[in-house]
Amino acid sequence: MQMNYRIISLEETDSTNKYVRSLADAGKRDVCVIAKRQTMGRGRLGRSFESPEGGLYMSFIVPFDDNSGDSLTAKAAVAVARAVGECTGLSSGIKWVNDIFVNGKKLCGILTEGVWNGDRAEYFIVGIGVNLQGELSTELSDIATTVEREGGRLPDREMLARTILEKFTVCGEFYGEYRDRQILLGKRVTAHRGDESFEAVFEDISDDFGAVLRLDDGTVMKLSSGEISLRGKGDD
Ligand code: BT5
């Protein structure tokens, strides 16, 4: 479904995903909320996403259709990578499943949340945080980066948001690009799913955007959610 999003621009909010959810609950569909900073930016699995002034924090609603679901995060990742390239000049990679990396550090995280009615999703909220300029905390300085730090052109925030929306809504086929941009493909990795972890080689991306892993005992396993990090490195 092609959407023509109206952008609502805020100085500050707790989380743009939460803000847009309240609009969606009130029946709105074609809105994208952007904020200059978030006081409770969230990542996956209850983690937090640092959101100081200087970043782009955006969330938009995607009505359910039969082709959405798992591929939305992958589609958003490709849209962000394309938009970042066009608006900043930086080339970026994707770290399965939801991170955009530049020069080995995280530039952007994506959080897709579904709102369910029984076993059917009513709509999804796609939240995207891109570090543009300014300082992140010292804990993140080794694993995260900003457009400014990487020497990219600093885009106007709203223009970057519009470009991401445009790339997302007129994305076309994106499996090949999602796969080609993977930074850990072919590498020896540790994969985490819940409390389990697996030592493996990250062999491929399945046609439904899962991670195909060849475990050290030779068996092949597909992960459709979880975390993958370079072997020997922490959960970054
Ligand atoms: C994500 O989670 O990376 C999803 C982040 C989504 C943020 C957007 S901003 C707009 C919208 N509103 C929200 O409230 N959220 C969305 P995850 O894969 O779980 O990664 C979280 C981990 O990334 C943290 O545990 C940190 O290690 C790291 N991290 C936190 N803040 C970061 C930042 N600003 N830049 C890079 N890495 C960060």
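## The five-stranded sheet

Strand 8 and strand 12 run antiparallel and are joined by four bridges. Within this pair, Val189 stands opposite Leu230 of strand 12. The model described here is predicted. Strand 8 and strand 12 belong to an open sheet of five strands, whose order is 11-10-9-8-12 and whose pairing is antiparallel. The edges of this sheet are formed by strand 11 (220-223) and strand 12 (227-230), each of which pairs on one side only. From one strand to the next, the twist averages 45 degrees.

Strand 8 (residues 188-193) also runs antiparallel to strand 9, to which six bridges join it. On this side, Val189 stands opposite Ala200 in strand 9. Val189 therefore has a partner in each neighbouring strand of strand 8, namely Leu230 in strand 12 and Ala200 in strand 9. The hairpin of strand 8 and strand 9 has two residues between the strands, and Gly194 in this hairpin takes a positive phi near 55 degrees. Strand 9 (residues 196-205) is joined in turn to strand 10 (residues 211-215) by five bridges, again in the antiparallel sense. In that pair, Asp204 stands opposite Val212 of strand 10.

## The seven-stranded sheet

A second open sheet contains seven strands in the order 1-2-3-7-6-5-4, and its pairing is mixed. Its edge strands are strand 1 (6-13) and strand 4 (93-95), each pairing on one side only. The twist in this sheet averages 20 degrees from one strand to the next. Strands of a sheet pair through backbone hydrogen bonds, in either the parallel or the antiparallel sense.

Strand 2 (residues 31-38) and strand 3 (residues 55-63) run antiparallel and share four bridges, with Ile34 opposite Met58 of strand 3. Ten bridges hold strand 6 and strand 7 in an antiparallel pair, in which Leu111 stands opposite Gly127 of strand 7. Strand 5 and strand 6 are likewise antiparallel, over four bridges, and here Ile100 faces Cys108 of strand 6 as its opposite residue.

## Helices on the sheet

Helix 1 (residues 16-25) lies across strand 1, strand 2, strand 3, strand 6 (105-117) and strand 7 (120-131). The direction of helix 1 is at about 150 degrees to strand 2.

Helix 2 (residues 71-88) also packs on the sheet, where it touches strand 3, strand 4, strand 5 (99-102), strand 6 and strand 7. The angle between the directions of helix 2 and strand 6 is about 145 degrees.

## Backbone features of turns and loops

Most residues other than glycine have a negative phi, and most peptide bonds are trans. Several positions in the seven-stranded sheet and its loops are of interest in this respect. In the hairpin of strand 5 and strand 6, with two residues between the strands, Asn103 takes a positive phi near 50 degrees. The hairpin of strand 6 and strand 7 also has two residues between its strands, and there Gly118 has a positive phi near 65 degrees.

Leu45, in the loop between strand 2 and strand 3, is a residue other than glycine with a positive phi, near 50 degrees. The peptide bond that joins Trp96 and Val97 is cis, with an omega of about 10 degrees. Val97 itself is located in the loop between strand 4 and strand 5.

## The ligand and its surroundings

The ligand is surrounded by 29 residues, of which Ser15, Arg42, Arg47, Lys106 and Asn131 come nearest. By character, the shell divides into ten nonpolar, 13 polar and six charged residues. Helix 1, strand 3, strand 6 and strand 7 each contribute at least two residues to this shell. These four elements are also linked by packing, as helix 1 lies across strand 3, strand 6 and strand 7.

Three side chains illustrate the polar contacts with the ligand. A polar side-chain atom of Ser15 is 2.7 Å from an oxygen atom of the ligand, and one of Asn98 is 3.2 Å from an oxygen atom of the ligand. In the case of Asn131, an N or O atom of the side chain lies 2.8 Å from a nitrogen atom of the ligand. On its own, the ligand has 800 Å² of accessible area, and the protein covers 92% of it.

Note on methods. Residues are numbered from 1 along each chain as its sequence is written. This is a predicted model: local features need pLDDT of at least 70, side-chain atom pairs count only at pLDDT 80 or more; totals for chains, interfaces and linings use all residues. Side-chain values use heavy atoms; hydrogens and water are left out. Two strands pair if DSSP finds at least two bridges between them. Axes are lines fitted to C-alpha atoms, for helices over the stretch in contact, and angles run from 0 to 180 degrees between N-to-C directions. Contact means heavy atoms within 4.5 Å. A residue is near a molecule or strand if one of its heavy atoms lies within 4 Å of it. A polar contact is a pair of N or O atoms within 3.5 Å; within protein, one must be able to donate a hydrogen and the other to accept it, and residues adjacent in sequence count only if both atoms are side-chain atoms. Accessible areas come from the Shrake-Rupley method with a 1.4 Å probe; for residues, only the protein chains shown count as cover. Ala, Val, Leu, Ile, Met, Phe, Trp, Tyr, Cys and Pro count as nonpolar, Asp, Glu, Lys and Arg as charged, and the others, Gly among them, as polar.
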